[in-house]
Amino acid sequence: MERGYQKLPSEKKSIGCFKRFFYRWFRVKVQISAYLDNVFDVAALMEDSETKTAALEKVADLEDELGHAHNRLGQLERDAAAQIANLERALMETRSERDKLKEGRRQAEEEAETLRRESANYRASLDEKNMNMFPRESSSSSGVSSCSSTGGGSSGGGETPPPPPPPPPLPNVAPPPPPPPMISSGAPPPPPPPGLMPLPTEKDCMTIKRQIQTKNRLPTLNWAAMRPNQVRGTVFNELDDNKVFNRVDFNDFEEKFKMPGPPCKDNISLTDSSLTSGTRGRKKPDLISLLEHNRLRNIAISKRKINVAVDQIARAVTSLDLRQIPLDTVELLQKMIPNEAEAKKYKKYLEDKKDVNVLTEEDRLLLELNKIANVQNKLNILQYMGNFNENLNLIAPQIEILKLTSKSVRQSMKFKGVLELVLAIGNYVNSAKRGPAYGFKLQSLDSLTDLKTPDKKISLMNYISETIRTRLPELMDFESELYQIERAATISLENLETDVKELEKGMESIRRENAGQNYGVLMDFLSASEERLRSLHTQLNDARSIFRETAEYFGECSRTSDPTTFFSFFVRFVKAFKAAERENEEQRRAEEVAAMKASADTMKRNKKIYLADEQEAVINELRNRSRMVQEMKLLPRDEVYNGALEDILLGLRNEPYRRADAVRRSHRRRIDSNRLSRTQEELEV
């Protein structure tokens, strides 16, 4: 124990020396590794630098290819949109031709029916003449309509003395018809003879509307009614709301809307501040600049995005060749044009014949731009040429949509039927108070949701939607005939005209620039683009004319109407109609659920009544049984016999639920009777 204890300090000392040696050796090894690593890192860094440079070049090439691919994709999308627009236009024209043919067929059938009726009337009149014993003067028996042209009456020849001769006829005028028979004093006087005044055509005639006296007091629909002279030539001149009265249940309408009381009687451009995230270019200490610090910093940031040499930029701008510099570079150069003070500094610098090489790259770029004559106009021309196709492809589809939407709205027969229904209901509500209306402004469609029943549960729009669903189902999908009204509501005719004027203004500046020097690039651009711009202007004029005719057709002012306001009426009406349709559907479902719930409650209540009656019957039966048991506590004397207790116990075991008033038979008697019956049978045998 003592020896081991003495060796312990020496062992500790040797272990400590070993640890110190190992630690020093490890430090030396780490330093050697670090030295070797540093030697090899220099080559690795060089290789990484070359790899990074190659990768950056490849990334730039890929970005260029991606940009070209995006441009091709955009061109394909624009071509596809143009083809779709052409196909839709052809489809609309085909539909319009089909509707015209249908309308022509209907008119031909009506004319044929009218001719058949007239032929039948003529044959009947001939038969009457043949039946008469003596010929007499015939006169027309049909009344004269205020909206149809009448022919001259024929007078039969007879032996009766003729009436006094009429005055001599006018030259080239048919003789007047004979005077009609005596008519009552209340009838209107006959019309003047033909030729003296022009007869009204079918389009100019107008049926006098009658006032409608409702049974109950109804709310008033706040609409902008049109006078008869305003209706002529609009869509309301073709509508007849009288035929809707036969298909709409206005009694139900009055019940729902009657009032309490007595009954009646894009692209965002990048700002300079968003480009400050890049690192600032390092300026050599021996270079000078004539620009202010902030101006120099902004131009340096913009110049990093320009990968074109300064002399090439100067040649491209001078020759107006957009093939040498991209469009993005032109847009950047427009922000870098020297102002008046900077131009004076560069001019004075050149006059003093100072060295241009000591200037910074930014100053040399602005110096070259300052040497170009009329550089602002040339950059604007380059930008106009680069954006011409894009601007044209943006404006042309809007013009096409405006034209097609205007045609579809005007030719929609189902929407006319909806307007007819609205006119009929509005006249039914308002005619007794404000007089009948012959039409209404489209802004009145917004007030259909304001008129509600006294309980505020149903609006007039809900009633119209339900009426169309039940009474006029052919009008349910009227919005399918309104072509892209939502997109048309976002188009501003004033903006389209301004854009086309800007394009024409830019084209005129190109003509003036080309008139002096005859640039080949400008000549090619003018020959390829002038005809397209003229065609666009013609399309805009056609779209404007069609839209204004459509606005006048619906009773709106063509001078002040804009597609945004005009088509917004249709968009809001369709949305309100769809919302009312959904509300009606939800109300119908709620009513069905309520009916099912009421039926279930009725069945449950009947079941409870049945169970209560059954329970009461059981209770009554138990009471009767208990009463009868209490009354029969003592057995009658005839049932007290030898073996009665045995029969009672045996009966309870065999028939435990036997009625209390049932007759209890003796088991012993039953056995004796069986024995007696068998004995008699044996004796008989």
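Helices here are DSSP runs of H or I with at least four residues, and strands are runs of E with at least two, numbered from the N terminus. Counted that way, the secondary structure of this predicted model comes to 17 helices and zero strands. The protein has 685 residues, of which 27% are buried. About 48200 Å² is exposed, with carbon and sulfur atoms supplying 54% of that area.

Helix H1 covers residues 2–131, and it is a handy place to start. Phe18 sits in this helix and belongs to a nonpolar surface patch, together with Phe21, Phe22, Trp25, Phe26 and Val30. The patch adds up to about 680 Å² of accessible area. Phe18 itself has a relative accessibility of 55%, so it counts as exposed, the cut-off being over 50%. A general point about helices helps in reading a list of this kind: an α-helix has 3.6 residues a turn, so residues three or four places apart point the same way.

A patch of another kind involves charge. Glu57, Asp61, Glu63, Asp64 and Glu65 gather on the surface as a patch of negative charge. One of them, Asp64, is placed in H1. With a relative accessibility of 47%, Asp64 counts as partly exposed, because that class runs between 20% and 50%.

Helix H4 brings in the buried side of the picture. H4 spans residues 293–303, and its buried residues are Leu296, Ile299, Ala300, Ile301, Ser302 and Lys303. Their cover includes helix H6 (327–335) and helix H8 (361–371).

Two loops that border on these covering helices each hold a residue with an unusual sign of phi. Leu320 has a phi near 55°, which is positive although the residue is not a glycine. Leu320 falls in the loop between helix H5 (310–319) and H6, and at 0% relative accessibility it counts as buried. Asn374, also a residue other than glycine, has a positive phi near 55°. This asparagine lies in the loop between H8 and helix H9 (375–411). In contrast to the buried Leu320, Asn374 is partly exposed at 47% relative accessibility.

Next come the salt bridges. In general, side chains of opposite charge can pair when their charged atoms come close. The structure holds 31 salt bridges. In one of them, the side chains of Glu255 and Lys258 meet with N to O at 3.2 Å. Both partners count as partly exposed: Glu255 has a relative accessible area of 49%, and Lys258 has a relative accessibility of 31%.

Another salt bridge joins Asp477 to Lys414, with the closest N and O atoms 2.8 Å apart. Asp477 is in the loop between helix H11 (460–470) and helix H12 (485–488), while Lys414 is in helix H10 (residues 413–434), so this pair ties together parts that are 63 residues apart in sequence. Asp477 is partly exposed, its relative accessible area being 35%. Lys414 is partly exposed too, with a value of 22%.

The loop between H11 and H12 also holds Glu479. Glu479 forms a salt bridge with Lys578, and the closest N and O atoms of that pair are 2.7 Å apart. Lys578 belongs to helix H15 (residues 563–631), so here the parts tied together are 99 residues apart in sequence. As for exposure, Lys578 counts as partly exposed at 26% relative accessibility, and Glu479 is partly exposed with a relative accessible area of 22%.

Finally, some salt bridges come as a network rather than as a pair. Glu466, Arg469, Glu585, Arg588 and Arg589 are linked in this way.

Conventions. Residues numbered from 1 in each chain as written. Predicted model: local features only at pLDDT ≥ 70, side-chain atom pairs only at ≥ 80, totals over all residues. Heavy atoms only, no water. Patch = residues over 30% accessible without salt bridge, like charges linked within 9 Å, V, L, I, M, F, W, Y side chains within 5 Å. Areas by Shrake-Rupley, 256 points an atom, 1.4 Å probe, with all protein chains shown as cover. Salt bridge = Lys/Arg side-chain N within 4 Å of Asp/Glu carboxyl O. Lys, Arg positive; Asp, Glu negative; His and termini not counted. Charge placed at Lys NZ, Arg CZ, Asp CG, Glu CD. Buried < 20%, exposed > 50% of the residue type's maximum accessible area, 1.4 Å probe, protein only. Contact = heavy atoms within 4.5 Å.
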